[in-house]
Amino acid sequence: QVQLVESGGGLVQAGGSLRLSCAASGRTFSNYVMGWFRQAPGKEREFVAAISWGGGSTTYYADSVKGRFTISRDNAKNTVYLQMNSLKPEDTAVYYCAASHSILVVTGLHEYDYWGQGTQVTVSS
């Protein structure tokens with residue numbers, strides 16, 4: 001039983017920045033790989049970024065966001081962040097936080113076991 005709650009979404013102009021937060025509660029947070037996905041209208045939910053647990057965390061990013069987005073986690077606060085810089089209109093989507101039982105970083109939608117409710121990010125041109 002894990003609950004995930006995203007926050008930090010909103011409206012931003014192209015080139016701007018937002019930081020999304022995902023607060024986790026319930027069972028042990030550090031046993032999960034954490035990921036961010038997004039879903040635009042009429043599109044399938046797609047992988048954005050993921051991070052493994054532990055001090056020597058491994059990160060992985062979709063090519064579309066590499067160099068612009070940064071995923072991080074603070075296990076003491078049970079919180080995962082997605083720092084989004086240089087935002088583009090094509091980044092507009094509902095962003096979802098997710099947790100996987102996998103120890104290795106995974107990118108597949110079906111490899112994640114828990115999901116937040118999503119937070120809307122809208123980037124205007």
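**Entry 1: S5 and its partners**

I began with strand S5, residues 46-51, and found 5 of its 6 residues buried, so S5 is largely enclosed by the rest of the structure. I note here that the model is a predicted one.

I then looked up what S5 pairs with. On one count, strand S4 (residues 33-39) joins S5 in the antiparallel sense, over 5 bridges. I picked out Arg38 and found that Glu46 of S5 stands opposite Arg38. The connection between S4 and S5 is a hairpin with 6 residues between the strands. In that turn I read a positive phi of about 75° for Gly42.

I also followed S5 to strand S6, residues 59-61. These two run antiparallel and are joined by 3 bridges. For Ile51 I looked up the bridge partner in S6 and wrote down Thr59.

**Entry 2: S7 and S8**

Next I took strand S7, residues 69-74, and sorted its residues by face. Phe69, Ile71 and Arg73 are on the covered face. Thr70, Ser72 and Asp74 are on the uncovered one.

S7 pairs with strand S8 (residues 79-84) over 6 bridges, in the antiparallel sense. Which residue of S8 is the bridge partner of Thr70? I found Gln83 in that place. S7 and S8 form a hairpin with 4 residues between the strands. I checked the phi of Asn78 in this hairpin, and the angle is positive, near 50°.

**Entry 3: Ser21**

I located Ser21 in strand S3, which covers residues 18-26. Is Ser21 buried or exposed? Its relative accessible area is 16%, and since buried means under 20%, I entered Ser21 as buried.

I listed the residues that Ser21 touches, leaving out those up to four places away in sequence. They are Val5, Glu6, Ser7, Trp36, Thr79, Val80 and Tyr81. Of these I placed Thr79, Val80 and Tyr81 in S8, which spans residues 79-84. Trp36 belongs to S4, residues 33-39.

**Entry 4: Gly8**

I turned to Gly8, in the loop between strand S1 (2-7) and strand S2 (10-13). Gly8 has a relative accessible area of 35% and is partly exposed. With neighbours within four places in sequence set aside, I found Gly8 in contact with Leu18, Arg19, Leu20 and Thr119. Leu18, Arg19 and Leu20 fall in S3, residues 18-26.

I also checked Gly8 against Val121, 113 residues away in sequence. Their C-alpha atoms are 8.5 Å apart.

**Entry 5: The chain as a whole**

I counted secondary structure last: the protein chain has 11 strands and 0 helices. Its radius of gyration is 13 Å, close to the 14 Å that the globule rule gives for 125 residues, so I entered the chain as being as compact as a globular protein of that length. Along the principal axes, the C-alpha atoms fill a box of roughly 40 × 25 × 25 Å.

I noted that buried residues make up 42% of the 125. For contacts with a separation of 6 or more, I found that 59% come from residues 24 or more positions apart.

For the surface, I wrote down about 6,200 Å² exposed by the protein chain, with carbon and sulfur atoms supplying 49% of that area. I closed with the charged side chains, 10 positive and 9 negative. The centres of the two sets lie 5 Å apart.

Definitions and conventions:
Residues numbered from 1 in each chain as written. Predicted model: local features only at pLDDT ≥ 70, side-chain atom pairs only at ≥ 80, totals over all residues. Heavy atoms only, no water. Buried < 20%, exposed > 50% of the residue type's maximum accessible area, 1.4 Å probe, protein only. Pairing = 2+ DSSP bridges. Rg over C-alpha atoms; globule rule 2.2 N^0.38 Å. Contact = heavy atoms within 4.5 Å. Areas by Shrake-Rupley, 256 points an atom, 1.4 Å probe, with all protein chains shown as cover. Lys, Arg positive; Asp, Glu negative; His and termini not counted. Charge placed at Lys NZ, Arg CZ, Asp CG, Glu CD.
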